[in-house]
Amino acid sequence: QNNVSIYTGVILEDDVFCGPAMVFTNVVNPRSHVSRKDEYRPTLVKRGASLGANSTIVCGHTVGAYAFIGAGAVGCYSGALLLRAGHDVTFIGRQQHVDAINAHGLLLDTQTFKGHLPAKAATDATALASPDLVLVCVKSADTEQAGRALAGRLRPETSILSLQNGVDNAQRLQSVTGHAVISAVVYVGSEMAGPGHIRHHGGGD
């Protein structure tokens, strides 16, 4: 369904949603006309995960509980979608947003939904409890600082996803954290309309 192919080594637990045309890779850097079945790596998507349309999941990773670095417009909107899908999300952001989220939850404001979503938030990464996946959403200039803040918080199997739209952010994060980093391009119109209040205008679904 949804034009999605499941390859040997990809495991989907119950209640996983795979959006239209999303892709699982079976090797880290796929190339045509080369037999590389000996390089296949397993991929695990845990119960209840939602994989968005046209997304790519690089093999060798586990999709599970989530944490966010950079709880601004991109981070809060992405985190809000994960919260609505039932995932455990911790936001790392500025004090005014952290205080509002901890007091009232994250206020998600879209054309079809408006409500507070219970969530956890903190101003630094010491609040993270060995996450399965970290989404880094800071500005490019803050990449190394965000990476250093993750020191001691990551397990060997923790995945890092850069939602920064920068040319070399993934490489810079990898050099600081020592972890492989997945890069992505984000097309979403959203803004922080107030403390702990994310307003969505379009895209990024």
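In the predicted model, the buried residues of helix α4 pack against strand β13 (133-136), helix α3 (143-149), strand β14 (159-162) and strand β15 (181-183). Helix α4 itself comprises residues 169-177, and its buried residues are Asn-169, Ala-170, Leu-173 and Thr-177. These four cover an arc of only 95° around the helix axis, which puts them on the same side of α4. Gln-171 and Ser-175, by contrast, lie on the other side of α4 and are exposed. Just after the helix, Gly-178 adopts a positive phi of about 80°.

A corresponding analysis was made for helix α2, which spans residues 95-104 and has His-97, Val-98, Ala-100 and Ile-101 as its buried residues. Viewed down the axis of α2, the buried residues fall within an arc of 170°, so they line one face of the helix. The packing partners of these residues are four strands: β9 (89-92), β10 (106-109), β12 (120-122) and β16 (188-194). Just after α2, a positive phi of about 90° is found at Gly-105.

Within helix α2, Val-98 illustrates the packing at the level of a single residue. Its relative accessibility is 5%, and Val-98 therefore counts as buried, the threshold for this class being under 20% relative accessible area. When neighbours within four places in sequence are left aside, Val-98 is in contact with Gly-93, Ala-121, Ala-122 and Thr-123. For the pair Val-98 and Ala-122, a sequence separation of 24 residues corresponds to a C-alpha to C-alpha distance of 5.6 Å.

At the level of the whole chain, the model contains four helices and 17 strands. A compact globule of 205 residues would have a radius of gyration near 17 Å, and the value for the chain, 17 Å, agrees with this expectation. The C-alpha trace spans about 55 × 35 × 30 Å along its principal axes. Of the 205 residues, 45% are buried. Among contacts between residues at least 6 apart in sequence, 56% join residues that are at least 24 apart. The accessible surface of the chain amounts to about 10800 Å², and carbon and sulfur atoms account for 49% of that area. The chain carries 16 positive and 16 negative charges, and the mean positions of the two sets are 2 Å apart.

Further individual residues were examined in strands and in the segments that connect or precede them. His-197 is located in strand β17, which covers residues 197-203. With a relative accessibility of 12%, His-197 counts as buried. Residues up to four places away in sequence not being counted, His-197 touches Leu-107, Asp-109, Glu-191 and Met-192.

Thr-62 is found in strand β7, formed by residues 62-63. This residue counts as partly exposed, at 24% relative accessibility. Beyond its neighbours within four places in sequence, Thr-62 is in contact with Leu-44, Lys-46, Asp-132 and Ser-159. The C-alpha atoms of Thr-62 and Ala-49 are separated by 11 Å, the two residues being 13 residues apart along the chain.

Outside the regular elements, Tyr-7 is situated in the segment before strand β1 (10-12). Its relative accessible area of 39% makes Tyr-7 partly exposed. Apart from neighbours within four places in sequence, Tyr-7 is in contact with Phe-24 and Asn-26. Tyr-7 and Ile-57 are 50 residues apart along the chain, with a separation of 12 Å between their C-alpha atoms.

Glu-39 occupies the loop between strand β3 (23-24) and strand β4 (43-45). At 37% relative accessibility, Glu-39 counts as partly exposed. Neighbours within four places in sequence again being left aside, Glu-39 is in contact with Asn-26 and Val-27. Asn-26 is thus a contact of Tyr-7 and of Glu-39. Over a sequence separation of 81 residues, the C-alpha to C-alpha distance between Glu-39 and Lys-120 is 38 Å.

Key. Residues numbered from 1 in each chain as written. Predicted model: local features only at pLDDT ≥ 70, side-chain atom pairs only at ≥ 80, totals over all residues. Heavy atoms only, no water. Helix = DSSP H or I, 4+ residues; strand = E, 2+ residues; numbered from the N terminus. Rg over C-alpha atoms; globule rule 2.2 N^0.38 Å. Buried < 20%, exposed > 50% of the residue type's maximum accessible area, 1.4 Å probe, protein only. Contact = heavy atoms within 4.5 Å. Areas by Shrake-Rupley, 256 points an atom, 1.4 Å probe, with all protein chains shown as cover. Lys, Arg positive; Asp, Glu negative; His and termini not counted. Charge placed at Lys NZ, Arg CZ, Asp CG, Glu CD. Arc of directions from axis to C-beta.
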